[in-house]
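User: I would like to go through this protein one question at a time. Please keep the answers short and give the cut-offs.

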Amino acid sequence: MFSLKGAAAVAALLSGVQAMVHGLSLWLGSAGLLAGTVLGALVELHSTLAAVFATTLPTSDGAAIRAVMLALAVHALSKSVTAGLVGGVRYLAWLAPGLWAHTALGIAFLYGM
């Protein structure tokens, strides 16, 4: 069932993540972009990446590429910790190899750019 209250909470969370990443980027430059990306990727990857791409072009100074690589790694770490805490060690043992292989491939592709 659709919950208006739940949908509003998700919309507020995603908007807040985007605003935080963009605000830190405006305030602290590349360092703020990276800091905001780390904090945002702990919560939600997609809105974090949307904020990164809205803030800077991927080819401008490499900050966006580094931010995306960092976001992917932090998000994979966050998922791994959550999987271990909620599903236990056996679940983590099944999840982690595929998650980290997929993350490593994405980072390697971006590193080659």
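Analyst: From the N terminus on, the elements of the protein run α-α-α-α. This is a predicted model, in which local features need pLDDT of at least 70, side-chain atom pairs count only at pLDDT 80 or more, and totals for chains, interfaces and linings use all residues. Residues are numbered from 1 along each chain as its sequence is written, and side-chain values use heavy atoms, with hydrogens and water left out.

User: How many helices and strands does the secondary structure come to?

Analyst: Helices (H or I, at least four residues) and strands (E, at least two) are DSSP runs, numbered from the N terminus. By that rule the secondary structure comes to four helices and zero strands.

User: What percentage of the residues of the protein count as buried?

Analyst: Buried means under 20% relative accessible area, exposed over 50%, and partly exposed in between, with a 1.4 Å probe and protein chains only. The protein has 113 residues, and the share that counts as buried is 31%.

User: Which element gives the largest share of the largest nonpolar core?

Analyst: A nonpolar core is a set of buried Ala, Val, Leu, Ile, Met, Phe, Trp, Tyr and Cys residues joined through side-chain atoms within 4.5 Å. The largest one has 16 residues, and Val-21, Leu-33, Leu-49, Val-52, Val-68, Ala-71 and Leu-110 touch the most other members. The elements that give two or more residues to this core are α2 (30-43), α3 (45-55) and α4. The largest share, nine residues, comes from α4.

User: Is Thr-48 buried or exposed?

Analyst: Thr-48 is placed in helix α3. Not counting residues up to four places away in sequence, Thr-48 touches Val-17, Val-21, Thr-37, Gly-40 and Ala-41, where contact means heavy atoms within 4.5 Å. Because its relative accessible area is 0%, Thr-48 is buried.

User: Which residue has its backbone oxygen 3.1 Å from a polar atom of the side chain of Thr-48?

Analyst: A polar contact is a pair of N or O atoms within 3.5 Å; within protein, one must be able to donate a hydrogen and the other to accept it, and residues adjacent in sequence count only if both atoms are side-chain atoms. At 3.1 Å from the side chain of Thr-48, the backbone oxygen is that of Gly-40.

User: Which elements are included in what covers the buried residues of α3?

Analyst: The buried residues of α3 are Leu-45, Ser-47, Thr-48, Leu-49, Ala-51 and Val-52. Their cover includes α1 (4-28), α2 and α4.

User: Is Leu-85 buried or exposed?

Analyst: Leu-85 lies in helix α4 (residues 63-111). Together with Leu-77, Val-81, Val-86 and Trp-100, Leu-85 makes a nonpolar surface patch of about 540 Å². Patches are made of residues with over 30% relative accessible area and no salt bridge (a side-chain nitrogen of Lys or Arg within 4 Å of a carboxyl oxygen of Asp or Glu), joining like charges within 9 Å and nonpolar side chains (Val, Leu, Ile, Met, Phe, Trp, Tyr) within 5 Å. With a relative accessible area of 69%, Leu-85 is therefore exposed.

User: How does Gly-84 count by relative accessibility: buried, partly exposed or exposed?

Analyst: Gly-84 is also found in helix α4. Leaving aside neighbours within four places in sequence, Gly-84 is in contact with Val-89 and Leu-92. Its relative accessibility is 23%, so Gly-84 counts as partly exposed.

Key
Areas by Shrake-Rupley, 256 points an atom, 1.4 Å probe, with all protein chains shown as cover.
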